[in-house]
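Me: I'm new to this one and would like a close look at a single part of it, with enough of the surroundings to know where I am. Here is what I'm looking at.

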2 protein chains.
Amino acid sequence: MPPTPNDAIEIVLRPVGFVRSEVKGPVAPAGDDHLPLTERIQKAREYRRGMRAVICELWIDPDLDGILDGITEFSHIQILYWPHLLPPERRKWIKVHPMGRQDLPLTGIFATRSPARPNPILLSTVRLLAREGNVLRVQGLEAADGSPIVDIKPYSAIRPEAENATFPAWMEQINREMSDDG
Amino acid sequence: MPPTPNDAIEIVLRPVGFVRSEVKGPVAPAGDDHLPLTERIQKAREYRRGMRAVICELWIDPDLDGILDGITEFSHIQILYWPHLLPPERRKWIKVHPMGRQDLPLTGIFATRSPARPNPILLSTVRLLAREGNVLRVQGLEAADGSPIVDIKPYSAIRPEAENATFPAWMEQINREMSDDG
């Protein structure tokens, strides 16, 4: 029997702010299944390249005045946010093909970074460009306009967080296919 | 006026599992204020070294059977967890001295990794040692026994997430002081 002493516990969060972005649709749109794989990969690569360039704003609750003080001394920050456009039934998914690709192995959600997960708190490390009062401008956040922000943390890995990290073949394949040299 | 279209939104999470650890107390105990700074730094360094070595278990809800499949192909995973021993009033804190040290600048919570934050979802990158069914064994998780687990993600940065990242002087100082060479 697993020890789950607080089985019925609920964790209630309140957004600390919202994303303002030109990204309007759901992230990483599916529905390209009819395309040949090479075209899908090409589209995904262009999508990812676009996302890395996109600049958006994080509007932080003015009631939290001061909570950003000191943040501009960091070049990178980590955003925890809520994918509010994710259909709620996807919180019940257990396995997916990474990036919806049938050619990649069916994989447990906790072994992927799919937005469909029991508690869809998404995590992104982004470059901090500027702060104006309670608004941060960042580059590279793949979050749709209006996404509630759960938390902001400074990126703190002065040394690599995970030296000599290893990855499944499917993830190395995706990264190879998505790379600009690819 | 900030655009906060969903000001009253509540995000409700349910733990997907729990931490089983020899770490029983609240994380990074305070109350050493009476000690000389050099002794406090020495204690903190030993504490951090101990935390890097500690091995604990993550018990995942058996109802999520299959959600871990494929995870052992990763050497490192990221744990989002809830610091259930954190006094709730600390969710209202706006600024802290990093690590409770008065000699370091008073800093906005979002520019620190203090567990005291409006939505205390803590994030740790750890080494995955083994999986047995719905139990993961990991090394280096600084979470107290019984902490609810919110999410597990694979560590996916095949390339450095944040190349040429820069940090405030206070964080470089802490890392220097905490290093084993220090």
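Among contacts in chain A between residues at least 6 apart in sequence, what percentage join residues at least 24 apart? And after that, could you take me to strand β6 of chain B, where T107(B) and G108(B) are found?

Reply: Happy to, and keep in mind that this is a predicted model. The answer to your opening question is 78%: that is the share of contacts in chain A, counted between residues at least 6 apart in sequence, that join residues at least 24 apart.

A little more on chain A before we move. Chain A has two helices and nine strands. Reading from the N terminus, its elements go β-β-α-β-β-β-β-β-β-β-α. Of the 182 residues in chain A, 47% are buried.

For a taste of how those strands sit together, take strand β8 of chain A, residues 135-139. Strand β3 of chain A (residues 55-60) pairs with β8(A) in the antiparallel sense, over five bridges. One of the pairings there puts W59(A) with V135(A) as its bridge partner. Strand β7 of chain A (residues 122-132) also pairs with β8(A), again antiparallel and over five bridges. Here R131(A) stands opposite L136(A). β7(A) and β8(A) form a hairpin with two residues between them, and G133(A) in the turn has a positive phi of about 60 degrees.

Now bring in the second chain. Turn chain B by 180 degrees, with a shift of 0.0 Å along the axis, and it can be laid on chain A with an RMSD of 0.0 Å. That is the relation of a two-fold axis. In chain B, the C-alpha nearest that axis belongs to V12(B), at 2.4 Å from it. Both copies use the same surface, too: 100% of the contact residues of chain B recur in chain A.

And there is plenty of contact to talk about: 83 residues of chain B are in contact with 83 residues of chain A. Between them the two chains bury about 7,400 Å², with 62% of that on carbon and sulfur atoms. I11(B), I67(B) and F110(B) supply 11% of the area that chain B buries against chain A, more than any other three residues. The rule also finds 30 residue pairs in polar contact across this interface, and six salt bridges. In one salt bridge, the side chains of K95(A) and D69(B) meet at 2.7 Å, N to O. Several elements of chain B give two or more residues to the side that touches chain A, among them β1 (11-13), β2 (17-20), α2 (169-178) and your strand, β6. The largest share, six residues, comes from β9(B).

So, on to β6(B) itself. T107(B) is found in this strand. Is T107(B) buried or exposed? T107(B) counts as buried because its relative accessibility is 4%, and the cut-off for buried is under 20%. The side chain of T107(B) reaches the backbone oxygen of P105(B) at 2.6 Å. Leaving aside neighbours within four places in sequence, T107(B) is in contact with I94(B), K95(B), V96(B), P98(B), T112(B) and W170(B) in chain B, and with D69(A) from across the interface.

G108(B) has its place in β6(B) as well. G108(B) is buried, because its relative accessible area is 0%. Not counting residues up to four places away in sequence, G108(B) touches I94(B) and K95(B) in chain B, along with G66(A), I67(A) and D69(A) in chain A. If you look for P98(B), you'll find it ten residues from G108(B) in sequence and 9.5 Å away in space, C-alpha to C-alpha.

One more stop, in the loop between β5 (95-96) and β6 of chain B, where you'll find M99(B). M99(B) has a positive phi of about 55 degrees although it is not a glycine. M99(B) counts as partly exposed because its relative accessible area is 43%. Over in chain A, M99(A) lies in the loop between β5 (95-96) and β6 (107-108). Phi of M99(A) is likewise positive, near 55 degrees, and at 41% relative accessibility M99(A) counts as partly exposed.

Key. Residues are numbered from 1 along each chain as its sequence is written. Chains are lettered from A and ligands numbered from 1 in the order in which they are written. This is a predicted model: local features need pLDDT of at least 70, side-chain atom pairs count only at pLDDT 80 or more; totals for chains, interfaces and linings use all residues. Side-chain values use heavy atoms; hydrogens and water are left out. Copies are superposed by least squares on the C-alpha atoms of residues with pLDDT of at least 70 in both. Contact means heavy atoms within 4.5 Å. Two strands pair if DSSP finds at least two bridges between them. Helices (H or I, at least four residues) and strands (E, at least two) are DSSP runs, numbered from the N terminus. Buried means under 20% relative accessible area, exposed over 50%, partly exposed in between (1.4 Å probe, protein chains only). A polar contact is a pair of N or O atoms within 3.5 Å; within protein, one must be able to donate a hydrogen and the other to accept it, and residues adjacent in sequence count only if both atoms are side-chain atoms. Buried area is the accessible area (1.4 Å probe) that two parts lose on being put together, summed over both. A salt bridge is a side-chain nitrogen of Lys or Arg within 4 Å of a carboxyl oxygen of Asp or Glu.
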